[in-house]
Every structure is written in structure tokens, then in C-alpha cells.
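Biologist: Before I trust any of these labels, could you walk me through where they come from?

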Amino acid sequence: MGRTATIIAVSYGVIVILSVAFVLTVWLSTRARDAGPDVALLARREKTWFAVSVVILVSILFATIFFTPYGKGAGAGKQVVRVTGFQFGWTIEPQTLKMNVPVEFRLTALDVSHAFAVYNADDELLFQVQVVPERTQKAFYTFKKPGTYEVLCFEFCGLFHDQMRATFEVKPA
Amino acid sequence: MTEAARERARALTLRYLLASTAIFLAAGVLGILLRDSQADLGRLDPNFFYAVMTAHGLGAFVGWAGFACMGLSLWVLTSVGFPLRRFGAAMAELAFWLMLVGVAGILVTTLLLNFAASWVFLYPLPFHSAGQWGDATTGIFSASVLVVGLSIITWCAGIVHTVLGPALHAVRPTLGNRLGLALGLGYLAPRRFATNPTPVPYAVIPLTVIGIDMIVATLPLAVLLVIMIVQSAAPGVTVDPLLAKNMLWFFGHPVVYLLLFPAIAVYYLLIPRYAQRPLVAGNVVAVAWVLAVFVNVIIWAHHIYIDYPSGSPQAAINTAMQPLTFAITIPSALSLYSLFFTVYRSKFEWTAASTALFLGLVGWLLAGFSGVVNATIAFDAVVHNTLWIVGHFHHMALLNIGLVIFGATYAFLPELTGKALYSDRLGKWHIWLTFLAGTGAFSLWLIQGLQGAPRRFAVLPDRYATLTDATIPLVIVLALAQLLFVWNIVQTLRGKGGRYTAPQTEPAGAPAA
């Protein structure tokens with residue numbers, strides 16, 4: 001599991017535990033046959049919850065928006081790799097890439113939409129990007145380890161979608 | 001309300017519920033076939049796998065959940081004093097038959113004619129079948145989906161006509177004023193949007209929002225489908241694939257709310273009933289729903305965050321839609337607050353129906369959080385088109401919307417038939433087994449997604465086999481639990497639970513503060 005996936009797993013795990021604790025509190029509270037809470041007060045506190053929700057969402061927005069993969073570049077000295085997706089295979093030129101040298105993938109599709117998803121030798125998903133017919137999509141990545149990398153198609157493209165695989169090599173520069 | 005109007009709504013709702021339940025069972029069987037095949041228990045031929053996947057997706061999502069929620073809305077409106085008038089009833093009747101015809105067309109083109117381009121039928125895939133189906137089949141499939149779209153628009157027309165009717169008790173009955181009232185603005189500006197004698201029931205507000213939004217959201221999809229029908233006969237007519245993706249998702253996201261917003265209306269009606277006190281809600285909920293009516297139709301691009309080809313404005317559109325998508329979670333956040341605190345320290349009556357609704361709130365809460373992950377571009381770049389997404393939407397569809405449908409069925413069926421529920425105890429077993437087995441199965445999907453397992457693979461890479469196999473017992477329990485539901489419904493309809501006598505009070509709709 002990659003770093004971002006781990007962040008998601010831990011965050012979601014924590015929020016699930018907190019949610020379950022909250023839900024159990026509400027559930028068990030219905031056993032107390034007392035006069036109940038001040039319903040009007042709870043209704044007024046909806047405004048506070050509204051403000052809290054907005055603050056949480058804005059915080060998540062600012063904590064994540066700068067990691068959006070758009071608008072990045074590979075810089076000078078990059079390697080350019082041309083990728084074409086088709087039912088049901090990939091052409092990747094060149095097939096051998098240099099380690100620690102930024103790669104600019106230029107991707108297009110011949111027939112239908114595909115998606116270029118790259119895994120390392122540990123089966124960890126490194127990145128993915130959609131590949132649409134009649135368009136050129138760019139993706140940037142710098143491979144830090146040598147070895148064989150696997151490509152799967154991540155957009156459903158028909159009969160042999162699950163067999164639309166390829167590999168490429170990364171070697172020390 | 002006249003007895004004739006109530007009878008009209010009763011008959012229509014019952015018909016929607018029974019038809020959608022039949023589709024649910026068929027779509028459920030298809031879902032089991034898919035997961036069993038992935039676990040190599042009865043491996044399906046690849047194209048048949050994807051044809052079943054297409055039928056399961058559209059059948060379960062629109063033919064069951066959407067259709068059921070459309071029907072439940074009719075009874076919710078009737079229950080809060082908004083009966084269908086002649087036009088509304090005619091639209092609901094037409095929507096019912098259009099949905100049946102559309103779903104039948106989808107089932108025939110997928111299961112018999114091999115159409116297998118998935119429920120999103122991502123253009124131009126329907127015209128690149130790898131020899132598995134012909135363009136004529138694509139044309140028939142497109143026409144079938146178009147008929148489903150017409151059903152939704154027709155239903156929306158009936159809903160909007162109903163919510164803007166005299167039941168609003170608008171002091172100033174201009175169209176703008178009535179629209180504002182139905183959106184809940186009376187809670188924000190009671191003088192400008194005055195009613196006499198009662199305020200607008202909360203349950204009316206989400207139905208107004210979705211009634212308006214689905215008309216707006218469905219029209220571009222209808223255009224795309226018409227073009228596809230034309231292309232099936234005249235191959236020279238084509239659409240830009242990226243534009244087609246945007247048109248599809250312009251419908252594809254709001255249609256989620258065709259399920260969620262009626263479900264919220266059910267919650268707004270029934271949770272106060274079982275808690276035996278009014279909904280804990282103030283005036284700020286109106287802000288959220290007014291926000292929703294606009295934002296709902298301008299957040300489609302979060303489904304295509306990973307598309308940002310050079311020379312297109314897609315990256316800018318996608319970036320703008322992250323905060324907008326976050327904004328659409330506000331109605332959910334406020335509604336969950338209202339509903340949980342309506343239950344909190346109440347004299348909550350724990351029946352099969354109310355248990356389903358309470359566990360539905362839990363499902364909504366947990367699936368909502370996994371939805372925030374999807375809404376965040378940096379996170380979506382990792383989970384997009386993985387089994388995480390499948391786990392998220394099954395969690396939302398079955399353990400929020402589905403539980404609302406089950407709960408509402410247990411609550412409403414006696415009102416609709418005059419026959420008491422056969423067994424509340426059996427209902428509780430059904431609900432708990434569904435919740436526990438569903439939570440287990442969908443959690444495994446979430447984990448597989450974070451491990452990088454792709455969705456829509458007839459055969460997954462071997463490295464994901466362990467968790468795929470682990471879901472099978474859970475899927476079996478999930479399926480068996482639905483048999484309890486069916487048995488309970490059948491026995492209820494046969495009158496085995498005895499006669500039903502309606503209670504006299506209905507504590508719903510009035511604000512708490």
C-alpha cells in the first residue's frame with residue numbers, strides 16, 4: 001500500500017472508530033427514559049454544527065488541493081515516453097527508462113477510453129491517468145528504483161479489459 | 001385530503017414498491033454471479049460477465065433503488081399532506097410504465113443481446129464491441145436508457161407539480177414564492193415566505209430539490225443518447241469522447257441524489273415518528289437545501305478527476321469542482337445532525353423499520369466519509385476506478401438507501417395494504433444480517449481498493465484473491481437475509497400478520513425551534 005493509500009486507510013479507520021462510538025452513544029441514550037434533552041437547544045446548535053462542518057471541509061480542501069496532479073512538469077532533461085492504448089494492449093516507446101530521471105508520459109488512445117495505471121514490483125499502485133481518444137494526456141513520474149513495472153488498464157474498455165497489460169523496465173542511468 | 005387522492009397514491013406507491021422489489025431480487029442474483037465468478041466459483045464467459053455487470057449496475061441502481069425511492073416519495077408526500085393531484089398522479093403512472101419498459105429493454109439488450117459496455121456505457125465503447133454485439137443493439141440499449149431517463153423526468157414533473165400545489169398554504173401564491181417555500185425558505189425568511197397555518201414539512205424540501213435537479217441533469221444525457229441512437233444507424237454521426245464523458249456524468253452524479261434525497265425525505269418523516277418528537281432542525285437546514293439545488297448539477301467532474309488532457313479546460317473544471325463537491329456534503333452533514341439528535345435520548349421505538357432507518361443513518365455516515373475521500377482530487381488519484389469506489393457506492397446504495405427502502409417498506413406496507421406486518425422479529429433479523437454482512441463485504445472492497453485492486457475486472461490479478469474469496473461467505477449471508485425479507489413481504493401480503501389499524505397521530509413536519 002502506498003503512502004497516500006496509507007494516509008486514507010488510517011484517517012478513515014480513525015473516523016470510523018469515532019463514528020461508531022458516537023452512534024453507540026446515541027443508541028444507548030434511547031434506553032434512558034428520562035425527560036430527554038432540550039430539543040430547542042439542540043435545534044439551535046445546528047448552526048454551530050454547520051459552522052464546524054464548513055471549517056472541517058475548508059481545512060481538508062487546503063490540506064489536499066496543493067497535491068492535485070494537474071499542471072506539473074518533468075523539467076529539463078526529462079525522458080519522453082509515448083504511450084498508445086488500444087483494445088486490448090499498449091505500445092510504450094521506449095520500453096526502457098532511466099532511474100531518477102523525470103519521465104513525461106504522453107498518452108493517447110486509438111479507439112475507446114483507457115487508463116494507464118502503473119505498479120511497481122511490490123504491486124503498489126504508483127499512479128494512474130485516463131487516456132481518451134482524440135486527446136493527448138500527460139503524466140509525470142520519476143522512478144526511484146530499478147526493475148520491471150507493470151501497466152494495467154484502469155478504465156473499462158471491453159471484452160479483454162482485464163488482460164490489457166504491459167510492462168516496461170527501469171534501469172540505472 | 002380526499003380519500004380518492006390518498007387511494008390513488010396508495011395504489012401507485014404499492015405498485016412501485018412491488019415492481020422495484022422484483023427488480024432488486026433479479027439484480028441481486030446478478031451481483032452474486034459477478035462476485036462468485038471473480039472468486040472462480042462458476043466463472044462466467046468474459047463478455048457475459050460484463051453484460052451481467054451492466055445489467056446489475058443499471059438494474060440495482062435505477063431499476064431498484066431509484067424506482068423504489070421514486071415510489072416512496074409519493075407516499076411521503078401524501079403522508080405530510082401533499083397528495084398527488086390529477087396531473088401528478090398521471091405523471092407518476094406514466095413514469096411507472098416508462099421505467100418498466102426501459103428496464104426491460106436494458107435486461108434484454110444486456111442478457112440476451114450481449115451489450116456489455118457497463119452501466120456508464122462510456123462513449124465510444126458501445127460502438128467498439130470487439131465483435132460481441134452490433135450497433136443496432138447499441139441503438140436499442142440507448143433507447144432503453146432514454147426511456148428510463150424519460151421516466152425520471154416524468155416523475156420529476158409530477159413531484160414538482162405536487163410540491164408547488166395548494167398544500168403549501170402559501171400566503172402569496174406566486175410561482176417564485178411557492179418555489180422558495182418548497183425549498184424551505186420559509187424557515188429563513190418567514191415573513192417573505194409566509195404560510196398559513198403550518199410551515200412546509202421538512203420532507204417536502206429534498207423532494208423539491210431533486211424534482212428540479214433531475215430535469216436539468218437528465219436532459220444532456222438524453223441528447224447524448226439520441227446521438228448514439230442516430231449513430232447506430234448512421235455511423236458518420238459522432239461525439240467528442242471527452243464531451244460525452246462530461247455529458248454522462250452531468251447526469252451520473254445527480255442521479256445518486258435521485259436515491260439519496262427521497263431517502264432523506266423518508267428519514268425526515270419516519271425518524272420523528274419513531275422518536276415520538278419533532279425533527280431536531282432549525283432554519284439553517286434551508287441554507288443547505290438551497291445550496292444543494294444549485295450545486296448538485298455543477299459537480300459532475302469529480303467523476304473524471306483523472307482526465308485532464310492537454311489543451312482542454314478539464315483540469316480547471318475538475319479543480320473548481322472539489323470545493324463544490326465538498327459543499328454538497330453540507331445537506332448530509334446537517335441532516336445527519338438533525339436525525340441523530342432527534343433519536344438522541346428520545347423514547348425511540350425499536351421496530352424492524354426504525355432499526356433499518358437507524359442503521360441506514362450509520363451507513364450514510366460511514367459511506368459519506370469514504371465519499372469525501374473520492375471527492376478529494378489528491379486521494380481520488382489513488383482510489384479512482386479501484387474496488388474502493390465499488391465498496392463506497394455499495395455501502396451508500398445498500399446500507400443507506402437500501403436500508404431506508406427496507407425500513408420504509410416495513411413501515412409503509414401495512415398502511416398501503418391494510419395488513420399488519422407478518423413478523424417484526426423476522427424483519428429485525430433481515431435488517432441486522434444485511435447490515436453486518438454488507439458492512440463486512442463492502443469493507444473488504446475498500447481494503448482491496450487501497451491495495452490497488454482495479455474495478456470492472458472479470459478476472460482480478462491473483463494477488464487480490466484472498467480477500468475476494470473472503471467476501472463470498474458474507475455475500476451468501478447477505479443473499480440469504482433477503483429471503484427473510486421476501487418471506488415477510490409475501491406473508492404480509494397474504495394477510496398472515498392480521499389486520500392493520502393506523503395510529504391517530506403523526507408528529508412530523510413542524511420545526512422544533
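Modeller: Here come the helices, then the strands. This is a predicted model, in which local features need pLDDT of at least 70, side-chain atom pairs count only at pLDDT 80 or more, and totals for chains, interfaces and linings use all residues. Residues are numbered from 1 along each chain as its sequence is written, with chains lettered from A and ligands numbered from 1 in the order in which they are written.

Biologist: Why is α3(B) called roughly antiparallel to α4(B)?

Modeller: The axes of α3 (residues 86-112) and α4 (residues 135-163) of chain B cross at roughly 160° and come within 8 Å. Angles, taken from 0 to 180 degrees between N-to-C directions, count as roughly antiparallel over 145, so this pair earns the name.

Biologist: And what kinds of residue make up that contact?

Modeller: It has 19 nonpolar, 11 polar and no charged residues; Asp, Glu, Lys and Arg are what counts as charged.

Biologist: Which residues of β2(A) are buried?

Modeller: Trp90(A) and Ile92(A), which point to one face of β2 (residues 89-93) of chain A. Buried means 20 or more other C-beta atoms within 10 Å of the residue's own. Gly89(A), Thr91(A) and Glu93(A) point to the other face and are not buried.

Biologist: What makes β1(A) and β2(A) a pair?

Modeller: Pairing takes at least two DSSP bridges, and five join these antiparallel strands. Thr84(A), for one, has Thr91(A) as its bridge partner.

Biologist: Why are β3 and β6 of chain A at the edges of their sheet?

Modeller: The order is β3-β9-β8-β5-β6. Each of β3 and β6 has a single partner strand, so one side of each is left without a neighbour in the sheet.

Key: Helices (H or I, at least four residues) and strands (E, at least two) are DSSP runs, numbered from the N terminus. Angles under 35 degrees count as roughly parallel, over 145 as roughly antiparallel, 65 to 115 as roughly perpendicular and the rest as oblique. A residue is buried if 20 or more other C-beta atoms lie within 10 Å of its own, exposed if 12 or fewer, and partly exposed in between; C-beta atoms are placed from the backbone.
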